[in-house]
Structure formats: structure tokens, C-alpha cells
Amino acid sequence: MRLCIRVVLPVVLVVAALCGCARPKVVQGPVVQADSAAHRIVVRDELPPNAELTFDVAEAEMNAKPEPGDVVRIAYDDDGTTLRATRVMRLPKPKAKPSP
């Protein structure tokens, strides 16, 4: 019994930790389209090939409502058919440099 606890229990805990700790994917880029009624936003990835990705944001945490042209960072899960945003963060707009 002790052998079982010493060997099997740690193995089970490691396997459970590895299976349950999948990190969400992250994308950043400008909002191309925002549809609040359908809970969807389209974002152009800032990394090549600059794909336009559509996210379901119905259950996402948001720091502010994204509008077209805003730059956002999205943490999401991909279940193979839908990109489900878990967090949407609108990034601050760069401050304009004062003219000399």
C-alpha cells in the first residue's frame, strides 16, 4: 500500500497537472470589426501572415469595449471550430509626441 502511495499518487498528480494547465493562446492587433449583438470581434493579427481572426467574446473579460481601429490583446482557447476569447484587453493608444 505504501508503495502504491509513493509511486502512483505522484504520477497521477503530475498527469493531472499537465492535462489541466493548458495555457491560452494570445493574439494582438487592430480590431477590424466589432459586433456587440453577435458577441464577435474580428482582429488582424500583427504577426505575419496578418490573418484576420474572428473571436467569440460572449464570456470574455474586457477592460473596455473594443471598437474598430483599437489595438487589442486577446487570450483565447481554440476548440477546433471556434476561437473563444477568455480575456480582451484594449491597449492604450500611443501618446502623440509634442511638436517642437
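This text walks through the largest pocket and the salt bridges of the structure above. The model is a predicted one.

Start with the largest pocket. About 170 Å³ of space lies inside it. Strand 1 (25-35) and strand 2 (40-44) are the elements that each give two or more residues to its lining. The lining can be followed along the sequence. It includes Ala34, Asp35 and Ser36. His39, Arg40 and Ile41 also belong to it. Further along come Val57, Ala58 and Met62. Lys65, Pro66 and Glu67 complete the list. What is the chemical make-up of this lining, in nonpolar, polar and charged residues? Six residues are nonpolar, two are polar and four are charged.

Two of the lining residues lead on to the next topic. Glutamate 67 and lysine 65 form a salt bridge, with their closest N and O atoms 3.9 Å apart. Both residues also line the largest pocket. Are these two partners buried or exposed? Glutamate 67 is partly exposed, at a relative accessible area of 36%. Lysine 65 has 53% relative accessibility, so it counts as exposed, since the cut-off for that class is over 50%.

Now look at the whole structure. How many salt bridges does a search of it find? The search finds seven.

One of the salt bridges joins the side chains of aspartate 78 and lysine 25, at 3.9 Å from N to O. Aspartate 78 sits in strand 5 (residues 71-78) and lysine 25 in strand 1, so this pair ties together parts that lie 53 residues apart in sequence. Strand 1 has already appeared in this account, as a contributor to the pocket lining. Neither end of the bridge is buried: aspartate 78 is partly exposed, with a relative accessible area of 41%, and lysine 25 is partly exposed too, at 44%.

Next comes the pair of glutamate 52 and arginine 44. Their closest N and O atoms are 3.0 Å apart, and the two form a salt bridge. Glutamate 52 counts as partly exposed, with 44% relative accessibility. Arginine 44 is also partly exposed, at 34%.

Finally, turn to a group of three. Which residues are linked in a network of salt bridges? They are Asp56, Asp79 and Arg84.

To retrace the route, begin at the pocket with its lining from strand 1 and strand 2. Move to the bridge between glutamate 67 and lysine 65. Then find the link from strand 5 to strand 1, and end at the network of Asp56, Asp79 and Arg84.

Technical notes
Residues are numbered from 1 along each chain as its sequence is written. This is a predicted model: local features need pLDDT of at least 70, side-chain atom pairs count only at pLDDT 80 or more; totals for chains, interfaces and linings use all residues. Side-chain values use heavy atoms; hydrogens and water are left out. On a 1 Å grid over the protein atoms alone, a cavity is a set of points where a 1.4 Å probe fits but cannot get out, and a pocket is an open set with protein on both sides within 12 Å along at least five of seven lines; lining residues have an atom within 4 Å of a point. Grid points are joined across faces, edges and corners, and a volume is the space filled by probe spheres set on the points. Helices (H or I, at least four residues) and strands (E, at least two) are DSSP runs, numbered from the N terminus. Ala, Val, Leu, Ile, Met, Phe, Trp, Tyr, Cys and Pro count as nonpolar, Asp, Glu, Lys and Arg as charged, and the others, Gly among them, as polar. A salt bridge is a side-chain nitrogen of Lys or Arg within 4 Å of a carboxyl oxygen of Asp or Glu. Buried means under 20% relative accessible area, exposed over 50%, partly exposed in between (1.4 Å probe, protein chains only).
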